[in-house]
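This report describes a sheet and a set of charged side-chain pairs. The sequence and the coordinates come first.

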Amino acid sequence: MTRSFEELVAEADAVSVEGWDFSWLEGRATEQRPSWGYQRAMSERLARVSAALDIQTGGGEVLAGAAKLPPLMVATESWPPNVARATALLHPRGAVVVADADEPPLPFGAAAFDLVTSRHPVTVWWEEIARVLRPGGIYLSQQVGPASVFELVEYFLGPQPEHVRRARHPEDARRDAEAAGLEVVDLRFESLRTEFFDIGAVVYFLRKVVWMVPGFTVEQCRDRLRELDALIREQGSFVAHTTRFLIEARKGAGGGRVRGRRGE
């Protein structure tokens with residue numbers, strides 16, 4: 001590595017982090033992919049339905065990778081820059097992007113969709129998913145699991161309490177899905193190796209995935225970043241572990257129990 005700490009950090013601090021495209025990290029960081037292949041599984045299901053909803057679509061990059069979209073394809077997104085990006089990417093494919101605050105209720109009628117998908121949702125409103133699914137409809141989602149990339153999180157924030165480390169546990173997702181009247185037909189979990197090969201990759205990642213180290217800025221964390229830069233130069237990389245789980249849930253043919261809002 002011939003570039004200085006200051007050069008790497010300045011570059012990563014200036015580059016755009018809009019959308020959900022991580023191609024800037026190519027050659028600078030790697031993340032092992034889950035064995036189930038979420039985009040392929042999503043694409044296969046989209047090709048078999050007539051109406052589908054993708055929740056928290058980000059910049060639309062994952063959905064746009066599907067080989068075939070159904071006749072009615074809708075995506076929701078809350079962040080205005082991503083709404084614009086997703087619209088530009090998905091509108092030519094015939095998909096409609098709806099600006100939505102990611103809070104219940106979803107802006108759709110009951111039993112509107114055969115399939116609901118979501119990759120890495122921040123919050124899952126299970127009752128709303130059950131409400132907008134048709135009887136027999138499927139929810140398919142890949143989600144961030146507990147203590148994901150916590151080697152990096154705890155490097156900056158220190159040891160986290162057990163309830164924080166356990167948050168987003170797949171068994172909690174199963175419980176909440178079943179409480180909303182859905183049947184969980186598949187639930188898988190994997191821990192995956194992630195490596196950062198330069199400090200710029202760390203800065204970019206923390207700027208983009210803002211909930212990892214809330215309030216992260218280069219200036220506030222410069223001393224810790226400089227120490228981490230030295231460690232990466234000495235060891236060749238910084239290794240962390242990403243956790244992911246896949247959940248697939250079905251709405252019963254009879255409709256099941258559906259509530260309009262969380263907690264009602």
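Across which strands does helix α4 lie, and at about what angle to β4 does helix α4 run? The model is a predicted one. In it, helix α4, residues 80-90, lies across β3 (72-77) and β4. Its direction is at about 170° to that of β4.

**The sheet**

Strands β3 and β4 belong to an open sheet of eight strands, ordered β1-β7-β8-β6-β5-β2-β3-β4. The pairing in this sheet is mixed. At the edges are β1 (29-31) and β4 (96-99), each of which pairs on one side only. From one strand to the next, the twist averages 15°.

One pairing in the parallel sense is that of β2 (residues 51-54) with β5 (residues 113-119), over three bridges. Within the sheet, A52 stands opposite L115 in β5.

**Salt bridges**

Side chains of opposite charge can pair when their charged atoms come close. The count for this model comes to 23 salt bridges. Three of them are described here, with the N to O distance of each pair in the table.

| Salt bridge | N to O distance |
|---|---|
| R222 and E6 | 3.0 Å |
| R28 and E11 | 3.2 Å |
| R222 and E219 | 2.5 Å |

R222 forms a salt bridge with E6. This pair links distant parts of the chain, with R222 in helix α10 (residues 222-235) and E6 in helix α1 (residues 5-14), 216 residues apart. R222 has a relative accessible area of 19%, and because the cut-off for buried is under 20%, R222 counts as buried. E6, with a relative accessible area of 38%, is partly exposed.

The side chain of R222 also meets that of E219 in a salt bridge. E219 is exposed, since its relative accessible area of 59% is over the 50% cut-off.

R28 and E11 form a salt bridge as well. This pair also links distant parts of the chain: R28 is in the loop between α1 and β1, E11 is in helix α1, and they are 17 residues apart. R28 is buried, with a relative accessible area of 11%, whereas E11 is partly exposed at 29% relative accessibility. Which residues are joined with E11 and R28 into one network by salt bridges that share partners? They are R3 and D198.

How values were computed:
Residues numbered from 1 in each chain as written. Predicted model: local features only at pLDDT ≥ 70, side-chain atom pairs only at ≥ 80, totals over all residues. Heavy atoms only, no water. Pairing = 2+ DSSP bridges. Helix = DSSP H or I, 4+ residues; strand = E, 2+ residues; numbered from the N terminus. Axes fitted to C-alpha atoms, helices over the stretch in contact; angles between N-to-C directions. Contact = heavy atoms within 4.5 Å. Salt bridge = Lys/Arg side-chain N within 4 Å of Asp/Glu carboxyl O. Buried < 20%, exposed > 50% of the residue type's maximum accessible area, 1.4 Å probe, protein only.
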